[in-house]
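Please work through the following exercises with the sequence and the model side by side. Each task is followed by a solution that proceeds step by step.

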Amino acid sequence: MNAPSVRNEAAPVAAKPQASEKPHTPLLRVTNLRKSYVTPQGPLPVLRGVDLSLRPGETLAVMGESGSGKSTLLHLVGALDHADGGEILLDGVDIAGLSESARATARREMIGVVFQQFNLISSLTVEENLAFQARLAGRLDPQWQLTLTRRLGLEELLSRYPEQLSGGQQQRVAVGRALAARPKLLLADEPTGNLDEASGDAVLALSLELVAETGCAFLMATHSARLAARLGRRVRIEAGALAGS
Amino acid sequence: MKQVFWTLAALVSHWRRHPANLATLLVGLAIATALWSGVQALNEQARKSYDSAVAVFSGGNLQNLVASGGLFPQELFVTLRRAGLKVSPALEGSARVGDKNIRLIGIEPLTLPRASMLAPLRETKEATKILTGEGRSFASAQTLSDLGLLEGARPKTERGFVLPPLVAIKQAPPSAIIVDIGVAQKALDKPERLSRLIVSNEAPVDAATLAPLAGDALRIVEPEDESELARLTDSFHLNLTAFGFLAFLVGFFIVHASFGLAFEQRLPTLRTLRALGVSAGALTAALFCELLVFTFFAGGLGLVGGYLIAAALLPNVAGSLEGLYGAQVSVRLALDPSWWLSGLAMAGAGALLSAGGGLARTLRLPVLSVARPIAWREAHHRYLRRQAVLAALSLVAAALVFCAADGLTMGFLVIAFVLLGAALLLPVALAAALRVAESLARRPLARWFFADGRQEISGLSLAMMALLLALATNIGVGGMVEGFRHTFAGWLNDRLAAEIYYEAATPTDARDIETWARKQPDITAILPIWRARTRLGGWPVDLIGMAPHETYSQHFTLLEGGADAFRALHDEDAVLISEQLARRLKTGLGATLDIPASGDNWRARIVGIYPDYGNAKGQLRVDHERLARHFTDVSGVNYSLRVAPGAVARVMEEMRTRFGPAIVRMIDQGELKKLSTDVFERTFMVTAALNTLMLGVSAIALLTSLLALSNLRLAQVAPVWAVGVARWRLAGLELLRILLFSAGAALLAIPLGVFMTWGLVDIVNVAAFGWRLPMHVFPGQWAQVFLLALAAALIAGLMPVTRLARSAPADLLRVFANER
């Protein structure tokens, strides 16, 4: 399907925030993060001691081949999975050591996630999907909701259901849902992986614009160097460890 | 709280998009609740009536003194009162008013204990009129309505006795009229006879006090002793409950399938909710709230349905209970709040059991889906393996219960385990058959047909299992009823060999009629059917006195007994014993019985065992003269006549003209057979109704499962369509597959149903009622059930198949949608 006609489509990629505009204290600090999966052949290490940090408003691309551990890193930072060792400090809280319900709270109130497979709730309309996480967090802002709807070009689609949308449209809804609650950290796991190039570029551009407006940090996993180049920083994971930035 | 609220909103939105699945779930839960609660309402109504009947004498925690041999002389009451015992006399018997049987109860209001349920009669303004003037009769408003009488009316019994004017009171049990004891003694023609003494709870009696005064003429019945009627009817109600539970199970399958499907369909949503920050606890709490709403809504609907089912079936059940046990059950449904609560609880239990697996999985649901997708084939094999193991365990459990236990519960458990095992085995059997067919198929479309069928099995398995259970029950219960009908008809022909049956008003009238009959050339034999009552082994037993006549040796079937059984019956102290009494007493041919009689014990030898189908009480057949010698209150008013063919109507007319009110009741053989058969048919009408409902429920299960799966089916059918098979052809193949599955279920239902017939006839019936029926099989019925199964499948499959045939190309193309 063609990329949608949305506002700011032709606008340049969001400018990288100036270092002097960002606070110095990292929002996210990952130290010596380790994770293995259990297989019939024994434990398979995926992350072997990863360190990184991210300041508010900063954008970081985590690059790597399939199976390198980039998605695993995002899942751990997003409190979606348990680490085997190490520390993940998000706004001063070590989420690696939190209980299940505390991690759910962190996901709800501090983190927004955009998945490769969109993961919209199929039985809710676009409007209901957009507002969902904000409602869960008790932070629905109708004005911000309206702004997101307009900026993402979803005004005409509010009463539709996910299966009635194209992939690009669905991903824009997913971005809107993640940002509606004004998270401190936005995670995107291969957000353009299921989209054609044009749609993918449009979605990323919109995401970066909105991230710059909200001032949240943005961490994206991707195997595409082209897309990674649009973010402020890049790191590469190879064999479970960072190869350098 | 808001977390649970918005999560619940997201979960509920699923039903908005899948109304068919929601309808399945609500309808299934409502039907299951309706069938179960309807049966329980019938049982509760009957038990309330029994309790009400018993409470007349033992309500208020009162002891009673009764005789072992039926009625006893009034002098015993006088003796005990003079000795200082606070006892009050009572007499009860049956009478007919119009065409209704009623229980006539005689009491003495002045001596009634204060705690007695009827004691308030003394305080009413009618109290003075009970003993003076024209007296009073008391009955419930329902009884008055059933008799078509108003307050103040004077009902007339079949003997021509006019009872005092009626007054409505709420303490009276159903179908009973309460009068002064003197009036009852006259109305029942039992002068100076009593049936019990009610003991005041201010001075209870013990055996040591009673023995010197009454010897062994009276025994003490404590208030907590189970009512005889409740005990007699226990098996009837247990059978009804078992049937209701089976029907609930079929409905439960629908609910289970719906919840399972909803869980699978909502799994992506559940994962998304967890990923967005809904905790496992909040998600489970939201699902539980959803379950509660379903329970209240569908359960409430089910209770209304149950009430309507019970109200519709109650007249038949009441008629059966009266015909089988002489029990009087009110036909106006009056249920306690506890019935409503227990019905809701059952709905909740059913819903929780159905959804429990999903709730548990939700609690343990990892936020991230498993990295390695499980192919459908592997999931399918795991499913079939689990089914096979569970089926094997169920069948082993059936064998263990059969070997280790006995009785009614064992019978039901064996049948239940075998039904469950067979139902679990059905998908495995279908999958195996499809695999064989696939290997034999040569054409590619045929191979796809069978392979795709295997993929469809797990989605349809619960509906198929429900259909199997309903079909097997149809065959099983239908086979038992049909077999009973065959046996009963033949037995009835033998038992009712005489052409005319009558009851005289008094023994004097009976002798006059006998004298006249002996002079009639068309009357070839006059056969007394005298009656007395006693108790053996704690069970009520009727004794029937017979005269020596070739009618019995030629027609009266014996299950066991020598050629000279009838000779011995009249020449010696001998008895014939009914099959169910012999089982209860664990006795047999040649054994001796000590029969409590009026003032003595009559020792008699068992010379024959005979079938007595449909009789809950025990029965002994004896020589009528020996009966009169041992029992002083023998009812010597019942007779049958052998009449020349063609002369029956004339003889009956002449008897009516000549003897008028001296004959209380008279009926010919044909009419009596019809009445007996009506009781039989009425009894099994209830099971027939439940059978039909169950089949309907399973057809609904199939329809709703097919509707719910129809979207998933598109994804499986679309690739075949894309390579060049027309939609109408695909729809036809879909319908053919549904018919084949149903035919498979029907084929398995036949041996399962035959097993169920055997279980019911050989174990359940024998344990519940004491008689064993010969086993019959009816292949015609199997063919009927087979066709029913196909019809159910056709009706259920028509809508989803039509939808498939008419689906737009865009719907099928959407399966292939790809953004890359």
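**Exercise 1.** Where in chain A is the place of Glu190(A)?

*Solution.* Glu190(A) sits in the loop between β7 (185-189) and α6 (197-214) of chain A, where helices (H or I, at least four residues) and strands (E, at least two) are DSSP runs, numbered from the N terminus. Before going further, note that this is a predicted model in which local features need pLDDT of at least 70 and side-chain atom pairs count only at pLDDT 80 or more, whereas totals for chains, interfaces and linings use all residues. Residues are numbered from 1 along each chain as its sequence is written, chains are lettered from A and ligands numbered from 1 in the order in which they are written, and side-chain values use heavy atoms, with hydrogens and water left out.

**Exercise 2.** Describe the backbone and the burial of Glu190(A) and Phe118(A).

*Solution.* Step one is the backbone: most residues other than glycine have a negative phi. Phi of Glu190(A), however, is near 45 degrees, a positive value, and phi of Phe118(A) is near 70 degrees, also positive. Step two is location: Phe118(A) belongs to the loop between β6 (111-114) and α3 (126-137) of chain A. Step three is accessibility, for which buried means under 20% relative accessible area, exposed over 50% and partly exposed in between (1.4 Å probe, protein chains only). Glu190(A), with a relative accessible area of 10%, is buried, and Phe118(A), at 9%, counts as buried as well.

**Exercise 3.** Determine how helices α12 and α13 of chain B pack.

*Solution.* Two packed helices are described by the angle between their axes and the distance between the axes. Helix α12 (residues 408-440) of chain B and helix α13 (residues 444-495) of chain B meet at an angle of about 155 degrees, and their axes are 9 Å apart; the axes are lines fitted to C-alpha atoms, for helices over the stretch in contact, and angles run from 0 to 180 degrees between N-to-C directions. Angles under 35 degrees count as roughly parallel, over 145 as roughly antiparallel, 65 to 115 as roughly perpendicular and the rest as oblique, and α12(B) and α13(B) are therefore roughly antiparallel to each other. The residues of the contact of α12(B) with α13(B) comprise 18 nonpolar, three polar and four charged, where Ala, Val, Leu, Ile, Met, Phe, Trp, Tyr, Cys and Pro count as nonpolar, Asp, Glu, Lys and Arg as charged, and the others, Gly among them, as polar.

**Exercise 4.** Classify the ring pair of Phe556(B) and Phe566(B) and locate both residues.

*Solution.* Rings of Phe, Tyr and Trp (its six-membered ring) pair if their centres lie within 6.5 Å, and planes under 30 degrees apart count as stacked, over 60 as edge-to-face and the rest as tilted. The structure holds 22 aromatic pairs over all chains. In one of them, the rings of Phe556(B) and Phe566(B) have centres 6.2 Å apart and planes at 85 degrees, so the pair is edge-to-face. Phe556(B) lies in the loop between α15 (550-555) and β15 (560-561) of chain B, while Phe566(B) lies in helix α16 (residues 565-571) of chain B, so the pair ties together parts that are 10 residues apart in sequence. Both Phe556(B) and Phe566(B) are buried.

**Exercise 5.** Which residue lies over the face of Trp144(A), and which over the face of Trp448(B)?

*Solution.* A charge sits over a ring if NZ of Lys or CZ of Arg is within 6 Å of the ring centre and within 35 degrees of the ring normal. Arg182(A) lies over Trp144(A), at 4.3 Å from the ring centre, and Arg737(B) lies over Trp448(B), at 5.4 Å from the ring centre.
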